[in-house]
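Subject: The structure I promised you

Hi,

Here is the structure we talked about. Have a look at it first, then read on for what I found in it.

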Amino acid sequence: MAAQQQSWVDGDYKVVFHGKVHMFARIVGQEVEFLGDEGNVRNKVVLKSGEFKEADPYILEKTGETNYNILMQDPLIAESDSFGVVSEGGRIITVKGSHGMVFTMEWVEEANAKELKEAILNEKDPADAPPNHYTLKPGQAGKMVWISGPPGLENQPQLGK
């Protein structure tokens, strides 16, 4: 498990989960910053190169690599080790997170990164009128159900008396 030379490309990455871009990351050296919607840093992790444990079958199928070649660690959370595979050109990183989710980090040119970030910001639902399946009926009172009491109270035998 000896450390190797950096195999990834520095720059901006889109983080893709189930075919959808969820956020962006910026890699400089071994430092990875996951960026929030407004470009603020949500989380920082450290990448390490090397030959690590055997890759998950799904990762093997996606990348063709039998072993993980990077380790992603959050310095603040000891149990958060995630392992991944860097593509041959260093522009795609496929990661199996510490909780089992698989995502890819795909390098994007700086000009494209700015456009993608703006598109994601404009794609968000408005907070004051989130989309839903209900038909608005102004002026008509609807039904309201109010439930109160501590959790588990509905199971108490005294309620039946």
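How many strands make up the closed barrel, and in what order do they run? There are eight, in the order S1-S2-S3-S4-S5-S6-S7-S8, and the pairing is antiparallel. From one strand to the next, the twist averages 30°. Keep in mind as you look around that this is a predicted model.

Let's start with S1, since you can follow S1 to both of its partners. S1 and S2 run antiparallel and are joined by seven bridges; Val-15, for example, sits opposite Met-23 in S2. These two strands form a hairpin with two residues between them, and there His-18 has a positive phi near 55°. With S8, S1 is again antiparallel, this time through five bridges. Here Lys-14 has Glu-106 in S8 as its bridge partner.

Further round, strand S6 (residues 77-86) pairs with S7 over four bridges, also antiparallel. Look for Val-86, which stands opposite Ile-93 in S7. Both residues come back below.

Now for the inside. Nonpolar side chains in soluble globular proteins tend to be buried together. In this model, the largest nonpolar core has 17 residues, and the ones with the most contacts inside it are Trp-8, Ile-27, Val-32, Phe-34, Ile-93 and Met-105. Seven strands, namely S1, S2, S3, S4, S5, S7 and S8, each give at least two residues to this core. S2 provides the largest share, with three residues.

Try clicking on Met-105. Beyond its close sequence neighbours (up to four places away), Met-105 touches residues including Val-15, Ile-27, Val-32, Phe-34, Met-72 and Ile-93. Apart from the largest core there is another one, of eight residues, with Phe-52, Ala-55, Ile-59 and Phe-83 among them.

One last residue: Asn-69, in the loop between helix H1 (57-63) and strand S5 (70-74). Is Asn-69 buried or exposed? Its relative accessibility is 18%, and the cut-off for buried is under 20%, so Asn-69 counts as buried. What does its side chain reach? The answer is the backbone nitrogen of Val-86, at 2.8 Å. Leaving out neighbours within four places in sequence, Asn-69 is also in contact with Lys-48, Ser-49, Gly-50, Phe-52, Gly-84 and Val-85, among others. So that loop residue touches Phe-52, which we just met in the eight-residue core.

Cheers

Terms used:
Residues are numbered from 1 along each chain as its sequence is written. This is a predicted model: local features need pLDDT of at least 70, side-chain atom pairs count only at pLDDT 80 or more; totals for chains, interfaces and linings use all residues. Side-chain values use heavy atoms; hydrogens and water are left out. Buried means under 20% relative accessible area, exposed over 50%, partly exposed in between (1.4 Å probe, protein chains only). A polar contact is a pair of N or O atoms within 3.5 Å; within protein, one must be able to donate a hydrogen and the other to accept it, and residues adjacent in sequence count only if both atoms are side-chain atoms. Contact means heavy atoms within 4.5 Å. A nonpolar core is a set of buried Ala, Val, Leu, Ile, Met, Phe, Trp, Tyr and Cys residues joined through side-chain atoms within 4.5 Å. Two strands pair if DSSP finds at least two bridges between them. Axes are lines fitted to C-alpha atoms, for helices over the stretch in contact, and angles run from 0 to 180 degrees between N-to-C directions.
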